[in-house]
Amino acid sequence: MKIAVFGPDRRVGVVHENTVVDINAAYAKYLAETTNTARPLAEAAVAVPAQLNAFIEEGARALDGARAALEYLTDQAQDARGVSGEQLRFPLDEVTLHAPVEGASRILCALANFADHMQSAAENSQRADTAATLQRLVAGGPKFFIKDHRAVSASGHPLRYPARTERLDYEAEIAVVIGKAGRDINGDDFASHVWGYTLFNDWSVRDNVAFGPDFAYSKNFDSSATVGPWIVVNEGQDLQDIPVECRVNGELRQSGNTSSMVHSFAALGEHLSRDTTLLPGDLIASGTPKGTAVDSTRQEEDGSLPDTLFLKPGDVVEVSSALIGTIRNEVVKPTD
């Protein structure tokens, strides 16, 4: 099931046959027409909430209700109008899809989590200190940083080229979405806390990056976390076997799979939940495979990076997975 956030009220929708179904309103219709429920709208608001994090928190009841409503609407209902006569189905190409992240949900991003990405960066380094730093990042346990939830953007949103950089990069990733709250989660049990998975582009500034207190500055700017286009839920997919690719202006730059993660999602979940409660709606991003501009560019002796492969205004970046879909963004001038 593909769960999207759509429209001006940012309601939960199910993507089905090139349409988006307002699943809260569809469930109210299902109750009104197949049960003796006196207050179908009120019951639907609780069982199949219209807002994302409430829907996630409701767990199996919301998903079961969504399936029942979708099946009824598709195969049995005489029309596609809600209890109050409202539209329930919307053509996918005519609605606005928002990033499937709500409120203050945390975006926790793995760092140095694909060996080929780090190895390529080390091999392209002309400086011993840079190569040594990259090797230290790979060694030991998981490392991570946080993206500001206010920096989230959706597929189709323009990416304003940050005025402070001349080296803007892309990072194609998979992110899992937490469905059940937990603290001090054992890695063997982490899968039970995962609700679904989605695409993630970790846009990054690469000028004079230092892996220290200022590192987050290179990772956070307006629209620097593109998420979507929806969350794939309850498909029985092995989280460590999800492909991901990135294309720039149609040219394939990255092609990887979560099977190559240095630290699995289970290991990341165990690490990140130590003394910290992961909450429904929180995201954990995988890290990125080889093929970014920074790991594909030969570093100069002075530590600088030629800008040939880095993004420029007008470039179109697509992150995709055969199991999910595609997020697509155009880079625009900072004055736009």
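How many bridges join strand β11 (residues 172-178) to β12, and in which sense do the two strands run? The views below take up that question, starting with the whole chain.

**View 1. The whole chain of this predicted model, with its helices and strands.** Welcome to the overview, where you can count 8 helices and 19 strands. The radius of gyration is 21 Å, close to the 20 Å that the globule rule gives for 336 residues, so the chain is as compact as a globular protein of that length. Along its principal axes, the C-alpha trace spans about 75 × 45 × 30 Å. If you look at contacts between residues at least 6 apart in sequence, 73% of them join residues at least 24 apart.

**View 2. The surface and charges of the chain.** The accessible surface comes to about 14,800 Å², and carbon and sulfur atoms account for 46% of that area. Of the 336 residues, 53% count as buried. The chain has 30 positive and 47 negative charges, and the mean positions of these two sets are 3 Å apart.

**View 3. Strands β11 and β12, side by side.** Here is the answer to the opening question: 7 bridges join β11 to β12, and the two strands run antiparallel. To find your place in the pairing, look for A172, which stands opposite N201 in β12.

**View 4. Strand β12 and its pairing with β14.** Strand β12 covers residues 194-202, and 9 of its 9 residues are buried, so the strand is largely enclosed by the rest of the structure. Besides pairing with β11, β12 is joined by 6 bridges to strand β14 (residues 225-233), again in an antiparallel arrangement. A handy landmark here is L199, which stands opposite G228 in β14.

**View 5. The two faces of strand β11.** In a regular strand, side chains alternate between the two faces of the sheet. Which residues of β11 lie on each side? On one side you will find A172, I174, V176 and I178, while E173, A175 and V177 are on the other. Both faces are covered, with every one of these residues buried. Note that E173 is among the buried residues. Counted along the strand, that makes 7 of 7 residues buried.

**View 6. Strand β11 meets β17.** Which strand pairs with β11 over 3 bridges? That partner is β17 (residues 283-285), and the pairing is in the antiparallel sense. To locate the contact, start at V177 of β11 and look across to L283, its bridge partner in β17.

How values were computed:
Residues are numbered from 1 along each chain as its sequence is written. This is a predicted model: local features need pLDDT of at least 70, side-chain atom pairs count only at pLDDT 80 or more; totals for chains, interfaces and linings use all residues. Side-chain values use heavy atoms; hydrogens and water are left out. Helices (H or I, at least four residues) and strands (E, at least two) are DSSP runs, numbered from the N terminus. The radius of gyration is taken over C-alpha atoms; the globule rule is 2.2 Å times the number of residues to the power 0.38. Buried means under 20% relative accessible area, exposed over 50%, partly exposed in between (1.4 Å probe, protein chains only). Contact means heavy atoms within 4.5 Å. Accessible areas come from the Shrake-Rupley method with a 1.4 Å probe; for residues, only the protein chains shown count as cover. Lys and Arg count as positive and Asp and Glu as negative; His and the chain ends are not counted. The place of a charge is taken as NZ of Lys, CZ of Arg, CG of Asp or CD of Glu. Two strands pair if DSSP finds at least two bridges between them.
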